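Here are my notes for your read-through. Keep the structure open and find each residue as you go.

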Amino acid sequence: MTKKRILMVALDFPPCKSAGVQRTLKFAEYLKDFGWEPIILTVNEGAHNTVDHSQTISPEIKHVFRSFAFNASRDFSIKGKYLSIMKVPDRWWTWKFTAVPLGKKIIQELQPDVIWSTYPVSTTHNIAYKLSKWSGLPWIADYRDPLQSRYDKNAKNYDFVAHRIERKTLLNADKVVFTTKRASTLYQSLYPDVKLSNFHVIENGYDEGNFASLTQKQNETEGFFSLLHSGAVYESGRDPQAIFSAISILKRKGKISKSNFELVFRGLSSAGPYESVLSSLDITDLVAFKPSITYKDSLEEMMQASALLIIQGPLFNNQIPGKLFEYIRTNKPILALTPNNGATGLLLKEVEMSSMGIHSIDLEKALIELMSLKINGREGIEKYSRYEKTKQLANILNSMER
């Protein structure tokens with residue numbers, strides 16, 4: 001049977017070091033099982049600030065095309081400084097000047113049946129819009145996150161450009177896919193004239209293949225509890241201070257100490273702005289900050305931790321961090337600093353061995369519960385796998401006609 005072809009426009013693709021890589025990579029890898037052959041249109045390696053060569057592309061993904069793009073915040077800066085307008089609508093806006101001509105050539109030679117593009121890089125949707133208009137091919141626009149200004153009032157610099165691309169996308173794409181129901185509902189309210197049948201939800205997920213060579217290990221020190229946060233934290237939206245306060249309370253009560261507890265933040269080389277907070281709470285000895293590691297090593301570290309911490313403040317109520325699905329797959333307890341009515345909280349209500357809270361007193365109780373929890377594993381997690389998510393995408397693709 002001849003496979004249909006899908007042209008996938010994505011900036012985040014190996015060797016890019018980004019959490020967003022996995023969504024495109026695994027869709028591309030598994031679509032072949034559902035009768036679709038992927039064609040990748042992405043950027044040259046030099047466009048990325050950081051790369052991770054531990055993530056490999058399956059040899060079965062035969063068509064990967066890369067075109068040149070400047071990284072404006074790096075390439076257009078003078079002594080590390082640049083004008084904000086130089087990264088409007090994003091740092092890779094120059095990519096469209098090479099990607100559109102290359103995309104037209106790909107369409108002429110390989111004749112894909114549909115175009116797919118993924119945000120949060122607005123330029124990606126802009127490229128797909130131009131290619132769809134030129135070719136007449138149907139287009140699926142994938143939103144891994146809503147446009148930042150849709151949930152962050154502080155994100156307004158030159159936002160009219162991103163809004164213009166968003167509007168073109170919602171009004172012209174044949175299908176629009178979001179990673180949470182809350183995000184889809186948000187955009188349905190923003191664009192009430194778009195048919196409801198155009199809106200779809202495909203969550204992120206974990207990939208079983210990435211875990212195949214990993215083993216779940218108990219901490220080598222008997223009675224020692226290691227809590228791991230993998231990824232960035234910052235004041236707006238992912239502020240860890242409530243968990244710091246909870247740990248401080250437990251230390252004062254004698255429940256934890258340096259001999260039996262450690263909170264590790266992987267992806268931060270130093271305490272930075274939190275140093276004074278940790279000192280004032282007298283928990284400097286309980287919190288460690290460690291630099292970024294490869295994607296594969298980060299999964300290995302998750303498997304070795306006693307429990308995993310996710311921080312998703314009210315600012316991100318419409319979103320679920322992609323790494324949460326990897327947390328679920330590890331079969332380790334999960335502690336979430338998040339509202340119980342946000343997208344992340346609603347998901348975790350359905351996940352065994354999970355506790356959440358937004359205030360220190362709730363997190364204190366939740367952490368005590370997790371520290372004494374007997375790990376039995378989780379049932380039915382296959383529904384969160386990337387393979388199952390690809391099946392959902394294939395169903396959408398099969399419903400579309402050229």
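1. **The largest nonpolar core.** This is a predicted model. Its largest nonpolar core has 39 residues. Which members touch the most others? They are L7, L41, I115 and Y187. Helix α3 gives the most to this core, with six residues.

2. **I115 and its neighbours.** Pick out I115, one of those four core residues. Leaving aside residues up to four places away in sequence, I115 touches L7, V9, I107, A128, L131 and S132. The list goes on with S135, L137, P138, W139 and I140. Note L7 there: L7 too is among the core members with the most contacts.

3. **A second core.** There is also a separate core of 31 residues. Its members include L250, F265, L363 and L370. Keep L250 and L363 in mind for point 5.

4. **α3 against α4.** Helix α3 covers residues 96-110, and helix α4 covers residues 122-135. They pack at an angle of about 40°, with their axes 10 Å apart. That angle makes α3 oblique to α4. The crossing is right-handed. From α3 come K96, A99, V100, G103, K104, I107 and Q108. They meet T123, N126, I127, K130, L131, W134 and S135 in α4. By class, this contact has six nonpolar, five polar and three charged residues. I107 and L131 sit in this contact, and both are also touched by I115. Look at the numbering on each side, too. An α-helix has 3.6 residues a turn, so residues three or four places apart point the same way.

5. **α8 against α13.** Now turn to helix α8 (residues 241-252) and helix α13 (residues 360-371). Their packing angle is about 60°, and their axes are 8 Å apart. α8 passes α13 in a right-handed crossing. A242, I243, S245, A246, I247, I249 and L250 are the α8 residues in contact. Their partners in α13 are S360, L363, E364, L367 and I368. By class, there are nine nonpolar, two polar and one charged residues here. L250 and L363 both belong to the second core.

6. **The enclosed helix.** Is helix α11 buried or exposed? Eight of its eight residues are buried, so α11 is largely enclosed by the rest of the structure. The helix runs over residues 323-330. Its buried residues include the charged-type names K323, E326 and R329. L324, F325, Y327, I328 and T330 are buried as well.

7. **Two positive phi values.** Most residues other than glycine have a negative phi, and most peptide bonds are trans. Where should you look for exceptions in phi? Start just after α11, where N331 has a positive phi of about 65°. N331 lies in the loop between α11 and β12 (334-337). Its relative accessibility is 17%, so N331 counts as buried. Next, go to D282, which is not a glycine but has a positive phi of about 60°. D282 is in the loop between α9 (275-280) and β10 (287-290). D282 is exposed, with a relative accessible area of 51%.

8. **A cis peptide bond.** Last, check the bond from P14 to P15. This peptide bond is cis, with omega near 15°. P15 is in the loop between β1 (4-9) and α1 (21-30).

Methods:
Residues are numbered from 1 along each chain as its sequence is written. This is a predicted model: local features need pLDDT of at least 70, side-chain atom pairs count only at pLDDT 80 or more; totals for chains, interfaces and linings use all residues. Side-chain values use heavy atoms; hydrogens and water are left out. Axes are lines fitted to C-alpha atoms, for helices over the stretch in contact, and angles run from 0 to 180 degrees between N-to-C directions. Helices (H or I, at least four residues) and strands (E, at least two) are DSSP runs, numbered from the N terminus. Angles under 35 degrees count as roughly parallel, over 145 as roughly antiparallel, 65 to 115 as roughly perpendicular and the rest as oblique. A crossing is left-handed if the near helix is turned anticlockwise from the far one by less than a right angle, and right-handed if clockwise. Contact means heavy atoms within 4.5 Å. A nonpolar core is a set of buried Ala, Val, Leu, Ile, Met, Phe, Trp, Tyr and Cys residues joined through side-chain atoms within 4.5 Å. Buried means under 20% relative accessible area, exposed over 50%, partly exposed in between (1.4 Å probe, protein chains only).
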